[in-house]
Structure formats: structure tokens, C-alpha cells
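Visitor: I have not looked at this structure before. Could you take me through it, one question at a time?

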Amino acid sequence: MLILGIETSCDETAAAIVEETGDASRPWAIRSNVIASQVPIHREWGGVVPELASRQHIRDICGVVERAFDDAKATWRDLGAVAVTQGPGLVGSLLVGVSFAKAAAAASGVPLVAVHHLAGHIESLVLQNGEMPLPAVVLVVSGGHTSLYLVDRPGHYELLSRTRDDAAGEAYDKVAKLLGLGYPGGPIVDRLARTGNDRAISLPTTRLTHPDRNAPELRGDLDFSFSGLKTAVLRHVRSQAAPLSEREIADVCATFQRVVITVLIDRLFDAARRFQARSVGIAGGVSANSRLREELAGRGERREVPTFMPSLQLSTDNAAMIAAAGLRKFRAGIIAPPDLNADAALVL
Ligand code: KG4
Ligand code: ZN
């Protein structure tokens, strides 16, 4: 069976066709994966402008879907279902994908499947590598989220912890902005960090020990916090008499990156030990980070736990992961009503 996936939760208009393989250990194969990025539009503003994003999704969605069919050498008649990101995300952006998917499913007479964006990121690991040994602990780390999930059975995602303030990707983007490095900042900081000294300056690590009053169901000690770190970088930059040299900027990037990645990896493996995980994974835009990928592999080898990561193409937002998560739900018998609505704050 083929499924069409649609993703418009933020600033990428994406469509993909994914096929079931019939192999239980490696259940899905990508037939096409098309992304129209809006980065050049939002770069001018230093961040995503929601109204511009939703308007651009409207312009791009039809062409992106047509291209997904062309690349897959498939037609509407070959489809068994349509999957779409229902949330979380920017509501105007989500609405474009949800409206398109509802119309497409109704017109082709196939079921509609509503997908949580983060379930898509988690399933990108299975799409890439095949089924993970369960239970698995997965760190979803992007511009909007930094959360740990326990996957104890296929398609079941339990939130273990999340950031109390900024997401890790957001901290990368803000630090890049205050260093005058451009947008999106994550890949630029990652590149410069490789040339800098990661012990050059003193930056704080936040360790939360108390439960969050807004989420009493979580223990809280696996939570993340990055806003203090970002402020410390700002204070360091402001305390310098002269603008930072290229070398000093690289040192700030390297030190910032070491602190962020150490916290992410430490919490991920703390959780893995606590929940006796048989595998660990990283997903989401920041999982493209070179140091995070290296340290995940290294720590996994030392702890003798298999580690999973998506390809760079499947790290950032894409529709193939939404199609994959959609197939998982479809096979579990969960389909969406024809009056499905977008939900900007959808809970997984
Ligand atoms: O998953 P994604 O494409 O969109 C969201 O759902 O947020 O993630 C985008 C985020 C941005 O904050 C970007 O700066 C960050 O991922 N990112 C990186 C790297 N590549 C992308 N952060 C650190 N290192 C990278 N190499
Ligand atoms: Zn994402």
C-alpha cells in the first residue's frame, strides 16, 4: 500500500509517498520525499513569520504534492490513505496541510490519518533504520521541542520530560543571532564550533531537580532548560570591550555547543538507564548536529546500547516521517474524522 504524507506545521511545505514493504523489521520505504523550504523568505526577518509561512504553504502545496507523485511514479489511484500533520505547530500553516489532506482523501475515497508532528520525528528513526529494540528512549530535539519519550510498544509514546523554557534548536538560533551569524543558526554554530576551543569561556549547565508545577505528572529531574545558557552567552558578549574576533566567536560556539550537547546526551542516557531501554535514539532538526551524532554513537558504544539516528535529510521537517507515522496509525485502525481540525497545541 502507498500513503501520501503531508507536512506544513512550520516553514517547510512537504509531501512524500511511502510504501509498505511487507517486512516487519523494516516496514516502510520512501518512494518520494519533496520539500519546498521557506528559509530564504524568513531569513530576512531572522525567524519564521507565521503569516508569511501560511501564505507560502498555500502557494506551494499543489506543486509539492504533484512532484511527490511524479518522483514516486505513482498516481492518486495508487493511494491507500492520506496522512497529515494535525499539530503541534503554527495554526495557519497547519490548516493549509489539514485542509488539503481532507480534500485529497475525500476526493480519492481513501481514509485520512492525523499525525502528531513529534510522532513523525520518532518514526523517522524506524523509517531510516527499521524497528528499534523496545523499550526505546528517544530524544526529540528541534527548533520547537526538546523532549524525551519512552516507546515501550510500537506507536505508543510516553512523555518523560521536556524543556521548561527554550528548545535546544531555539537556543542555537538565538545564540547565532546575538553573535550576528545568520539564520537558521544551528548549522552555522555547529560548523564554527568545530574550529573553536570548547573550554574557552565559562558557561553554566542547568540541572533541574524539582517537579514542574505545570506538569506534576512528570518527575521533573529529566527536564531541560536552555534560556539561562543563552543569557550567559549574551552577558559574555556584552561584557567584552570590543566586538568578538572570528576566533572568539568560534570559541563561544564551541563552548555553547559542548554544554548543550552534554546536557542532551546525559539526560538521554540517564533516562535510558532508568527505564532499562534496549535502544536509544535522537530525532528532529538538532539531531543533524555533528557533535550530538558523534557523542550519541560514542556513549552508546561505551554503554553497549544500540543507537539510532535519522539521515540528515530525515532530521529536519519532512513528510516521509509523517507518512510513516500515518501508516503505523492506519495499521492500528486509527483514522481521522472528515471534520478533522488543526490543533496548534496537540498533545502526544
Ligand atoms: O525539526 P526542525 O526542522 O523544525 C522544527 O520542528 O523545529 O528543526 C529546526 C531546528 C532549528 O532550530 C535549527 O537551527 C536546528 O534545528 N538545527 C541544528 C542543526 N541543523 C538544524 N541545530 C544544531 N546543529 C545543527 N547541525
Ligand atoms: Zn520538526
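**Around the ligand**

Guide: The shell around ligand 1 has four nonpolar, ten polar and three charged residues. The model is a predicted one.

Visitor: Which residues come nearest to ligand 1?

Guide: The shell counts residues with a heavy atom within 4 Å of the ligand. There are 17 residues around ligand 1. Those that come nearest are G143, D173, D190, G285 and N289.

Visitor: At what distance does a backbone N or O atom of G143 lie from an oxygen atom of ligand 1?

Guide: Polar contacts to oxygen atoms of ligand 1 involve side chains in two cases: a polar atom of H117 at 3.5 Å, and one of D317 at 3.1 Å. For G143 the atom is a backbone N or O, and its distance to an oxygen atom of ligand 1 is 2.8 Å.

Visitor: How much of ligand 1 does the protein bury?

Guide: Taken alone, ligand 1 exposes 550 Å². Of that area, the protein buries 88%.

Visitor: Which elements give two or more residues to the shell around ligand 1?

Guide: The elements that do so are helices, spanning residues 117-129, 168-178 and 185-193. In that order they are helix 4, helix 5 and helix 6.

**Helices and loops**

Visitor: Are helix 2 and helix 3 roughly parallel or roughly antiparallel?

Guide: Helix 2 covers residues 50-72 and helix 3 residues 91-108; their axes come within 8 Å and cross at roughly 30 degrees. The crossing is right-handed. Angles under 35 degrees count as roughly parallel. Therefore helix 2 is, relative to helix 3, roughly parallel.

Visitor: Where does P135 lie?

Guide: A cis peptide bond joins L134 and P135, with omega about 0 degrees. P135 lies in the loop between helix 4 and strand 6 (136-141).

Visitor: In which loop is P184 found?

Guide: Y183 and P184 are joined by a cis peptide bond, with omega about -10 degrees. P184 is found in the loop between helix 5 and helix 6.

Visitor: What is the phi of K73?

Guide: K73 has its place in the loop between helix 2 and strand 4 (79-87). K73 is not a glycine, yet its phi is positive, at about 50 degrees.

Definitions and conventions. Residues are numbered from 1 along each chain as its sequence is written. Chains are lettered from A and ligands numbered from 1 in the order in which they are written. This is a predicted model: local features need pLDDT of at least 70, side-chain atom pairs count only at pLDDT 80 or more; totals for chains, interfaces and linings use all residues. Side-chain values use heavy atoms; hydrogens and water are left out. A polar contact is a pair of N or O atoms within 3.5 Å; within protein, one must be able to donate a hydrogen and the other to accept it, and residues adjacent in sequence count only if both atoms are side-chain atoms. Accessible areas come from the Shrake-Rupley method with a 1.4 Å probe; for residues, only the protein chains shown count as cover. Helices (H or I, at least four residues) and strands (E, at least two) are DSSP runs, numbered from the N terminus. Ala, Val, Leu, Ile, Met, Phe, Trp, Tyr, Cys and Pro count as nonpolar, Asp, Glu, Lys and Arg as charged, and the others, Gly among them, as polar. Axes are lines fitted to C-alpha atoms, for helices over the stretch in contact, and angles run from 0 to 180 degrees between N-to-C directions. Angles under 35 degrees count as roughly parallel, over 145 as roughly antiparallel, 65 to 115 as roughly perpendicular and the rest as oblique. A crossing is left-handed if the near helix is turned anticlockwise from the far one by less than a right angle, and right-handed if clockwise.
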